[in-house]
Number of protein chains: 2
Amino acid sequence: MQTLSTEDYLKAIYHVSQSSPGAVATTSIAKQIGAKPSSVTDMFKKLSDQNLVKYQKYNGVSLTNEGIKTALRIIRKHRLWESFLVSHLNFNWDEVHQVAEQLEHIQSEKLTNELERFLDYPTHDPHGDPIPNRALFMKTYNKILLIELPVNKEGVCIGVKDNSSDFLRYLDRRQIGIGTPLQILHREDFDDSLHIQAGKSTLMITKKTAENIYVKP
Amino acid sequence: MQTLSTEDYLKAIYHVSQSSPGAVATTSIAKQIGAKPSSVTDMFKKLSDQNLVKYQKYNGVSLTNEGIKTALRIIRKHRLWESFLVSHLNFNWDEVHQVAEQLEHIQSEKLTNELERFLDYPTHDPHGDPIPNRALFMKTYNKILLIELPVNKEGVCIGVKDNSSDFLRYLDRRQIGIGTPLQILHREDFDDSLHIQAGKSTLMITKKTAENIYVKP
DNA sequence: CAACAAATTTAGAGAAGTCTAAATTATTTT
DNA sequence: AAAATAATTTAGACTTCTCTAAATTTGTTG
Ligand SMILES: [Mn+2]
Ligand SMILES: [Mn+2]
Ligand SMILES: [Mn+2]
Ligand SMILES: [Mn+2]
C-alpha cells in the first residue's frame, strides 16, 4: 500500500520516462514534483527498497514492472475522475487537474471500476489522454503535433501536450477543442507563425501553440 | 487549511459531543479515532492553537464556532459522497463508510457543490443521517428509537444508530431498510425481545437491535 | 479523609517527508 | 587533462503524527 507521496513520485517518474528515453534523472523529477533534488534522492531510495524502481547512484531511476503497474493504476484513476468532473459535474477541462490530483489517491478498486462503468468505459480523458482499462491497457491513437501536419492536409484535434490552465483557456477562446477540424493554410517562414483553419474560422497561431496540439491526420 | 488527521479529529469531537452533553473527554476521542490518549492530548493542543476547540487541561475539549463549521463541512462531504456511491455506483449502504472516510477530505468547494446539485440536493444520506446544505444547515426529523415506540403504534424506519457493516447487513437480511414500516406487536418482558411487524413480515428482534433503529412515529 | 483507581498529561523517541548546506561525483569547457 | 560547472548525494535538522512509559491530576471508596 502506497502513500500519497510515493504515488505522486511514481506517476511523475512514469510521465518523465514516457517523454524521454533512458533512466529518469533526479532533477527532472524535482522539477515535476516541485521538490528539492535531495528530497527526490531520499524518495528514490525508498521506492528502490520497495522494488518499484531500479536505482543506481548518480544515474537516476527506471520503473520496474511493479512500478509501472502502480503508476498506471493511479493514472487510470486520475483520468477517470477528470472525465467524471467534465461530463457530470460541469467542470471545464482546465479546472479538473488539481482536483483529480487528489482524487487519484482514493483507495477502492470497487470505486474505480464502478466509476468506469458509470462513465460507460471511456477510452480518453478530457485532454485526449488515453485511460488505462481494468487490465491497465490503453488504446493509443497514432497522433502527430499540429506543427508536423503538412500544409493543406486536414486533421482533427485529438489532444494537447501542455495541460496548463493558461493554454487550455487560450484554446477555449480560440474555439479549439477535442474534435475540432484543423488545417494549416500557410506557414510564415519569417516568424514561424501559422495561418490555420480551425472549424469554421481562420486564425493565426504561433509555433509554440502548434507544438502543443495533437492532431490525427 | 486542515490536514487529514485534524479533520478526522474535528469530526470525531463533533460526533461525540452530539451524543453526550458537556466537554468531550480525551479517552472518548481515543476510542473513536483508534489512537492512544497521549496522541489525543497532543492533537487537542494543536486544535486549541488554531482556535478550533476550547481546551482545558484534564477537562476535555469543546468545539468553537469555527470548529463546528469545519466539522460540518467534512460531514457534508462525507454524506454527499455516501449518497453518490449508493445512488450511482452500486455500493450497498454497508460499504460506503470506508470510502467516504477518504473522499470527505478532498478539497474543492466546486466539487462538493456540483456533487450536491448532481444528486439533486439530497437531505439525508443512505443511513438516514441529515446532510448539511451549503449554508451548513441540516434538516432534522424528530425521530425516536424503535425501542421507544409504543406497542401497536405504526412507525417508519428513517435511520440507524449503529453504522457497522455487521448491523447493516443484518438489517438487509431481515429486509429492514430506510422507509420500511415498523410496528411493535409485543414486548417480551422475560428477555426484552420484541415481536415486530416489518413491512409484510413479522419477526423477532432483540432489545439491542431495537436500540439501534430510528423510527418516525 | 486517606488510599486506591482511573483518566490525563508529559517526556522522550521513531517514522515519513521535507528542507538547507556541505560534500561528492559526473560532465563540460578550456 | 586540469579546471570549472552541473548534477547528485549526504549530513543534519525540522514538522506532523504517532507511540510507550512515567508522572500527575482527578474521582471514588472504605
Ligand atoms: Mn496526486
Ligand atoms: Mn488529463
Ligand atoms: Mn476521514
Ligand atoms: Mn452515513
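How far does a polar side-chain atom of Lys57(B) lie from a phosphate oxygen of DNA strand C? The distance is 2.6 Å. The views below show this contact and other parts of a predicted model.

**View 1. Polar side-chain atoms beside the phosphates of DNA strand C.** Besides the contact of Lys57(B) at 2.6 Å, chain A places two residues beside phosphate oxygens of DNA strand C. For Thr3(A), a polar side-chain atom is 2.5 Å from a phosphate oxygen. For Ser5(A), the corresponding distance is 3.4 Å. The elements that each give two or more residues to the surface near this strand are α1 (4-19) and α3 (37-49) of chain A, with α2 (26-33) and α3 (37-49) of chain B.

**View 2. The protein surface around DNA strand C.** Around the strand there are 20 residues, of which Thr3(A), Ser39(A), Thr27(B), Lys45(B) and Tyr55(B) come nearest. By type, the residues of this surface are seven nonpolar, eight polar and five charged. On the DNA side, sugar or phosphate accounts for 74% of the strand C atoms within 4 Å of the protein, and bases account for the rest.

**View 3. The manganese ion (ligand 3) and its donors in chain B.** Asp8(B) coordinates the ion through OD, Glu104(B) through OE and His105(B) through NE2. Glu101(B) is listed with two kinds of donor atom, O and OE. The coordinating distances run from 2.0 to 2.5 Å. Along the sequence, the donor residues follow the spacing D-x92-E-x2-E-H. Is His105(B) buried or exposed? His105(B) is buried because its relative accessible area is 10%, and buried means under 20%. Glu101(B), at 23% relative accessibility, counts as partly exposed.

**View 4. Strand β8 of chain B and its two partners.** Strand β8 (residues 213-216) pairs with strand β3 (residues 144-145) in the antiparallel sense, over two bridges. In this pairing, Leu145(B) is opposite Tyr214(B). Strand β4 (residues 154-160) of chain B also pairs with β8(B) in the antiparallel sense, here over four bridges. Cys157(B) stands opposite Val215(B) of β8(B).

**View 5. The two domains of chain A.** Domain 1 of chain A covers residues 4-63, and domain 2 covers residues 144-216. Their C-alpha centres are 33 Å apart.

Conventions: Residues numbered from 1 in each chain as written. Chains lettered and ligands numbered in written order. Predicted model: local features only at pLDDT ≥ 70, side-chain atom pairs only at ≥ 80, totals over all residues. Heavy atoms only, no water. Domains from an automatic or database assignment. Donors = N, O, S within 2.8 Å, 3.2 Å for Na, K, Ca; no water. Buried < 20%, exposed > 50% of the residue type's maximum accessible area, 1.4 Å probe, protein only. Near = heavy atom within 4 Å. Polar contact = N/O pair within 3.5 Å; in protein donor to acceptor, adjacent residues only side chain to side chain. Nonpolar A, V, L, I, M, F, W, Y, C, P; charged D, E, K, R; others polar. Pairing = 2+ DSSP bridges.
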